[in-house]
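Colleague: Please take me through this fold one feature at a time. Give me the rule, then the case.

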Amino acid sequence: MKIVNPIIDPKINLTNKNLFFSSSFRNRTKFSVIEETEELVEFTIEKARSTHTFWIKEICDVTFSSAVARGTGISGRSPEFLETKINKGEAVIAFASDGKWAGFSFISSWENGKFVSNSGLIVAPEFRHTGLAKKIKRKIFELSREMYPEARIFSLTSGLAVMKMNHELGFEPVTFAELTSDEMFWESCKSCVNCPILMSKERKNCLCTAMLFDPKQSTPVI
């Protein structure tokens, strides 16, 4: 059978995909692309060391731009602070297979190791929606358990995705009163856009949700 190419009217706008596909099909297509990306992108996530201070500026810049874009609570950290965390091995850093910086997070201990906070989780824009954030979250949690096995680990976040990750690791929602009372921790909140709300509530609550993992009571779900 001879196949004849159809004649396409030049007046038809082929960029209008509604002429050919239903919205449900397009949504399924987008979803499939995201799933495929998650399977194809490979990352290396490791405990940070002194040579990784090279990426501090990029980490700070991406954190700041993310806070501006979201218009919500992300506390900033100075380059000097992150350098200290990296040199002490209290951070994890992620790279794509081509060596590009992909993500970061760090921990801090409070009240002589009674509490540990998981903070500063950030993923480079080009690697978002790949599942990397979840991998970094698990890695920083493992580092916290390794360095401070008896500590209660906590996280403050306004992001639903991070809340879900925390829940999978065994974190439970708690009141702010159940977190550390160390003034240095709360001092770090001053760089967050929501700090006035926190202070007006006498540090009892804010737009962030407090979540806690107690090694004596909790067991990671995954």
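Colleague: Which residue follows helix 5, and what is the sign of its phi?

Modeller: Terms before the case. Helices (H or I, at least four residues) and strands (E, at least two) are DSSP runs, numbered from the N terminus. Helix 5 is followed by Gly-170. The phi of Gly-170 is positive, near 100°.

Colleague: What kind of model is this, and which pLDDT cut-offs apply?

Modeller: It is a predicted model: local features need pLDDT of at least 70 and side-chain atom pairs 80 or more, while totals for chains, interfaces and linings use all residues. Residues are numbered from 1 along each chain as its sequence is written, and side-chain values use heavy atoms, without hydrogens and water.

Colleague: Back to helix 5. Which of its residues are buried?

Modeller: Buried means under 20% relative accessible area, exposed means over 50%, and partly exposed lies in between (1.4 Å probe, protein chains only). An α-helix has 3.6 residues a turn, so residues three or four places apart point the same way. In helix 5 (residues 160-168), the buried ones are Val-162, Met-165 and Asn-166. Those residues sit on the same side of helix 5, because they cover an arc of only 100° around the axis. The arc is that of the directions from the helix axis to the C-beta atoms.

Colleague: Which exposed residues does the face turned away carry?

Modeller: Leu-160 and Lys-164.

Colleague: What do the buried residues of helix 5 pack against?

Modeller: Contact means heavy atoms within 4.5 Å. The partners are strand 4 (115-123), helix 4 (132-147), strand 5 (152-157) and strand 7.

Colleague: Strand 7, then. How many of its five residues are buried?

Modeller: Four of the five, so strand 7 is largely enclosed by the rest of the structure.

Colleague: Which way does strand 5 run against strand 7, and how many bridges join them?

Modeller: Two strands pair if DSSP finds at least two bridges between them. Strand 5 and strand 7 run antiparallel, joined by five bridges. Leu-156 stands opposite Ala-210 of strand 7. Strand 6 (residues 172-174) also pairs with strand 7 in the antiparallel sense, over three bridges. There, Pro-173 faces Met-211.

Colleague: Is Met-211 buried or exposed?

Modeller: Buried, because its relative accessibility is 3%. Met-211 lies in strand 7 (residues 209-213). Beyond four places in sequence, Met-211 touches residues including Ile-153, Met-163, Asn-166, Phe-171 and Pro-173. Met-211 and Phe-171 are 40 residues apart along the chain, yet their C-alpha atoms are separated by 5.7 Å.

Colleague: Now a lysine. Where is Lys-85?

Modeller: In helix 3 (residues 79-87). Lys-85 has a relative accessible area of 8%, so it counts as buried. Leaving aside neighbours within four places, Lys-85 is in contact with Glu-90, Ala-91, Phe-106, Ile-107 and Ser-108.

Colleague: How many disulfides are there?

Modeller: A disulfide is a pair of cysteine sulfur atoms within 2.5 Å. By that rule the count is zero. Cys-208 is in no disulfide; its nearest cysteine sulfur, that of Cys-206, is 5.6 Å away. Cys-208 is buried, at 16% relative accessible area.

Colleague: How many helices and strands does the chain have?

Modeller: Seven helices and seven strands. Of the 222 residues, 38% count as buried. Among contacts between residues at least 6 apart in sequence, 68% join residues at least 24 apart.
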